[in-house]
Amino acid sequence: MSERTSPIVTGLREQDLAGYQRVAAAARAELQRDPHRPQYHFTPPANWMNDPNGLIQWNGRYHLFYQHHPHGPLWAEMHWGHAVSDDLLHWQDLPAALAPTPDTCDRDGIFSGCTVDDGGTPTILYTGVDGPNQAVCVATGDDALLRWTKDPANPVVPQGPPDLDLLRTADCTHFRDPSVWWEGDRWQMLVGSGIRGAGGTVLRYSSPDLRHWTFEGPLLIGDEHAHDPVWTGSMWECPQLFPLADRHVLMISVWHEGRTHYPAAMIGIYADGRFVPESAAVLDAGSHYAPQTILDDRGRRLLIGWLREQRSREAQALSGWNGVMSIPWVLSLGADRRLRYAPASELAALRHAHQRVEKQILPADQDLLFPDLGGDVIELSAELAPEGANALGLVVRRTPDGTEETRIVYEPARCCIFVDRTRSSLDDRGDTTRHEAHLQLHAGEPLRLRVFLDRSVLELVANERLILSERIYPTREASQEVGIFASGGPARLLALDHWAMRSIW
């Protein structure tokens, strides 16, 4: 058989798994001493991680693949890392599923994609990178999802449609991140791209067998110059279309001029191969990017995304690891046909040492601190009534002298919420950019916050209507205090619950 048609197999045999996991466990143990290393968010054993890939529930177990550079903490030579979980909390490290193969269409990287069940055969569709070329490729796995065979026919879609003026930059033509589902009697696929002068786009294909694809046209084209209601840049990465209640959600991640910006979600009507958006919103304005969802066997639409580091390249290189996965979020649609977010119920199993602060008035311009509720691996749930306050919220990771602190701030008059990181760290290598999200409370509605604080990770959900994720890097061991505040007028604390959270490792 010629080199062109010889199957290429990646991954490890099951009998070799124990040796790999000993090495992975040793790498994890070495990095546990890092005070910024999360304890209940998924991280790779070491080195670089970005987009979640190929989320699938197979034989009842959750499989998470992810963009991974196994040889260093900075982006290079993408592989597909792999982990498996029975409960969405505790993950078992598995060997990389896919790696670049020299002298093939994926020699320069295995970029993002998806995993589907093709009549009992686990099948990955991924982006193969060869110099400036990005193409759709296929690999099939064994029942343990440990050994993967690349299809000899790769690439199955060698390039984007030639009659469209796809976005090209100095290093590539942008055509990547296939997302596939079965519809009617055919497979459907979306591929992220952009059209020069028009904006981001997702290209739709169909196939009877995952190998022979017909281009059906753009599902939707954006406008890189539009900022109302949501600016979506020149290229859309990691597209995914899925049903939710009586609508469909088109989820994209906004790329523009070499920079990743934020994920966005459009809600609308999908029928006959066309998607008509009715609303659009930024999914998370902070560190979250490239989310992917699955429908699990409990009927939940689960979302997991990549939480980017927000510190200098030098600090990233020195740390030995890079990138965190978000907690799993459960998506639903509200009566207003806008997204609602709830943390997966499994997270409650990590809670212990519960404490509650009862109702009380928050005096204006005075922090109310709770030293007994401190910590850097915790969950908080708070209800606050703004009353006459111009701003109110929570303080976390505070030192007793206030030299380091992070504030979660809600401003009622501007209907906005943000994380103030200007004093999060005495190390100036951390990002302090403010990312604001819109939240308008209804008459009489309190501000309800759920906060998942995990060393350098801060994820919050506000009134189930928005999520906001940031990264913080305090330098002082004493940066542990928790408090609440109101500015410009009094507010009321209705309830504050605190849990310490157990490590998943």
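Which residue's side chain meets that of Arg471 in a salt bridge? Keep that in mind as you go through these points, and remember that this is a predicted model.

1. **The opening pair.** The partner is Glu309: its side chain and that of Arg471 come together in a salt bridge, at 3.0 Å from N to O. Arg471 sits in strand β34 (residues 466-471), while Glu309 is in the loop between β19 (301-307) and α2 (313-319), so this contact ties together parts that lie 162 residues apart in sequence. Have a look at the surroundings too: Arg471 and Glu309 are both buried.

2. **Another long-range tie.** Next, find Arg356 and Asp497, whose side chains form a salt bridge at 2.8 Å, N to O. Arg356 belongs to strand β24 (residues 351-357) and Asp497 to strand β36 (residues 491-501), so here the linked parts are 141 residues apart in sequence. Are the two ends of this pair buried or exposed? Arg356 is partly exposed, since its relative accessible area is 46%. Asp497 has a relative accessibility of 7%, and because buried means under 20%, Asp497 counts as buried.

3. **A third pair, and the total.** Arg340 and Asp336 also join their side chains in a salt bridge, at 3.1 Å from N to O. Asp336 is partly exposed, with 42% relative accessible area. How many salt bridges does the structure hold? The count is 39.

4. **A network.** Salt bridges don't have to come as isolated pairs. Asp367, Arg398, Glu405, Arg407, Arg423 and Glu481 are linked by them into a network. One member, Glu405, also helps you find Leu426: the two are 21 residues apart in sequence, and their C-alpha atoms are 9.8 Å apart in space. Leu426 itself is in the loop between β30 (416-420) and β31 (437-438). With a relative accessible area of 54%, Leu426 is exposed.

5. **A four-stranded sheet.** Now turn to β14, β15, β16 and β17, which form an open sheet in that order, with antiparallel pairing. Why is one side of β14 and of β17 left without a neighbour in the sheet? Those two strands, β14 (235-244) and β17 (274-282), stand at the edges and have a single partner strand each, so one side of each stays free of a neighbour in the sheet. From one strand to the next, the twist averages 25°.

6. **Inside that sheet.** Zoom in on β15 (residues 247-256) and β16 (residues 259-271), which pair in the antiparallel sense over eight bridges. If you want one bridge to look for, try Leu250: its partner in β16 is Met266.

7. **The largest pocket.** This pocket holds about 1200 Å³ of space. It is lined by 40 residues, and the closest to its centre are Trp255, Gly258, Arg259, Thr260 and Trp306. Which elements each supply at least two residues of the lining? They are β2 (47-58), β6 (109-118), β10 (175-183), β16 and α2. Strand β16 gives the most, with four residues, so to speak the link back to the sheet, where β16 pairs with β15.

8. **What the lining is made of.** Sorted by type, the residues lining the largest pocket are 13 nonpolar, 15 polar and 12 charged.

Methods:
Residues are numbered from 1 along each chain as its sequence is written. This is a predicted model: local features need pLDDT of at least 70, side-chain atom pairs count only at pLDDT 80 or more; totals for chains, interfaces and linings use all residues. Side-chain values use heavy atoms; hydrogens and water are left out. Two strands pair if DSSP finds at least two bridges between them. Axes are lines fitted to C-alpha atoms, for helices over the stretch in contact, and angles run from 0 to 180 degrees between N-to-C directions. A salt bridge is a side-chain nitrogen of Lys or Arg within 4 Å of a carboxyl oxygen of Asp or Glu. Buried means under 20% relative accessible area, exposed over 50%, partly exposed in between (1.4 Å probe, protein chains only). On a 1 Å grid over the protein atoms alone, a cavity is a set of points where a 1.4 Å probe fits but cannot get out, and a pocket is an open set with protein on both sides within 12 Å along at least five of seven lines; lining residues have an atom within 4 Å of a point. Grid points are joined across faces, edges and corners, and a volume is the space filled by probe spheres set on the points. Ala, Val, Leu, Ile, Met, Phe, Trp, Tyr, Cys and Pro count as nonpolar, Asp, Glu, Lys and Arg as charged, and the others, Gly among them, as polar.
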